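Here are my notes on the structure, for reading alongside the coordinates. Please check each point against the view as you go.

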Amino acid sequence: MAEGAALSKGDVIHKRWMFCPVTGSLLTLDAAAGVARSEKCDFQRPLEDLDDTMSVVTVADMPDYQRRYALEPLVKSKEQLEFEETLRNRVRATVEEPCPRCKNPVMEYYTMQLRSADEGQTVFYECRQCRYRLVTNN
């Protein structure tokens, strides 16, 4: 392949990583017209103006990426499904505290040590009826 040539698959040139500076949307490439244009506004630029360099990631740490950006996977692993089922079936302590949303008189709670050891635990409350969640730091 010639230096600076774009990878292509049929009529599609893989330079779609360029974005519209007005709307932030992905530019669509029109090789016949020689421009990259936004489908959301009238912005367009010549294909020659696009940078031919691109980073390709071949290895990704998906659990780290999902944790960093708080993403839920579209397809969950068997272990994740089993863990979620365990969480749904767990028995928690209860407290006679009305739910702020539905006024149910009893809420479930559990605690976790999320901050440093010399600070109090974080208490997580969840309403049995409407599943409203409340977090407090003690």
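The points below take up a sheet, two pockets and the aromatic pairs.

1. Status of the model. This is a predicted model. Please keep that in mind for every value below.

2. The open sheet. Three strands make an open sheet in the order 3-4-5, and the pairing is antiparallel. Strand 3 (28–30) and strand 5 (44–46) are the edge strands, each pairing on one side only. From one strand to the next, the twist averages 25 degrees.

3. Strand 3 against strand 4. Strand 4 covers residues 35–37 and pairs with strand 3 in the antiparallel sense over three bridges. To find the register, start at D30: its bridge partner in strand 4 is V35.

4. The largest pocket. It holds about 380 Å³ of space. The lining has 14 residues, and those closest to the pocket centre are L87, R90, R92, E126 and R133. Four elements give two or more residues each to this lining: helix 2 (78–89), strand 7 (107–112), strand 8 (122–127) and strand 9 (133–137). What is the lining made of, by class? Eight residues are charged, six are nonpolar and no polar residue takes part.

5. The second largest pocket. Here the space is about 260 Å³. Helix 1 (62–68) and helix 2 each supply at least two lining residues. Helix 1 gives the largest share, three residues. The lining includes P63, Q66 and R67, and also Q80 and E84. Among the other lining residues are A70, L71, E72 and P73. By class, the lining of this pocket divides into five nonpolar, three polar and four charged residues.

6. Aromatic pairs. How many does a search of the whole structure find? There are two. In one, Y109 and Y125 are tilted, at 6.1 Å centre to centre with 45 degrees between the planes. Y109 lies in strand 7 and Y125 in strand 8, so this pair ties together parts that are 16 residues apart in sequence. Y109 is partly exposed, at 29% relative accessible area.

7. The stacked pair. Y110 and F124 are stacked, with 5.0 Å centre to centre and 15 degrees between the planes. This pair also links distant parts of the chain: Y110 is in strand 7 and F124 in strand 8, 14 residues apart.

8. Exposure in the stacked pair. Is F124 buried or exposed? F124 has a relative accessible area of 17%, so it counts as buried, the cut-off being under 20%. Y110, at 31% relative accessibility, counts as partly exposed.

Terms used:
Residues are numbered from 1 along each chain as its sequence is written. This is a predicted model: local features need pLDDT of at least 70, side-chain atom pairs count only at pLDDT 80 or more; totals for chains, interfaces and linings use all residues. Side-chain values use heavy atoms; hydrogens and water are left out. Two strands pair if DSSP finds at least two bridges between them. Axes are lines fitted to C-alpha atoms, for helices over the stretch in contact, and angles run from 0 to 180 degrees between N-to-C directions. On a 1 Å grid over the protein atoms alone, a cavity is a set of points where a 1.4 Å probe fits but cannot get out, and a pocket is an open set with protein on both sides within 12 Å along at least five of seven lines; lining residues have an atom within 4 Å of a point. Grid points are joined across faces, edges and corners, and a volume is the space filled by probe spheres set on the points. Ala, Val, Leu, Ile, Met, Phe, Trp, Tyr, Cys and Pro count as nonpolar, Asp, Glu, Lys and Arg as charged, and the others, Gly among them, as polar. Rings of Phe, Tyr and Trp (its six-membered ring) pair if their centres lie within 6.5 Å; planes under 30 degrees apart count as stacked, over 60 as edge-to-face and the rest as tilted. Buried means under 20% relative accessible area, exposed over 50%, partly exposed in between (1.4 Å probe, protein chains only).
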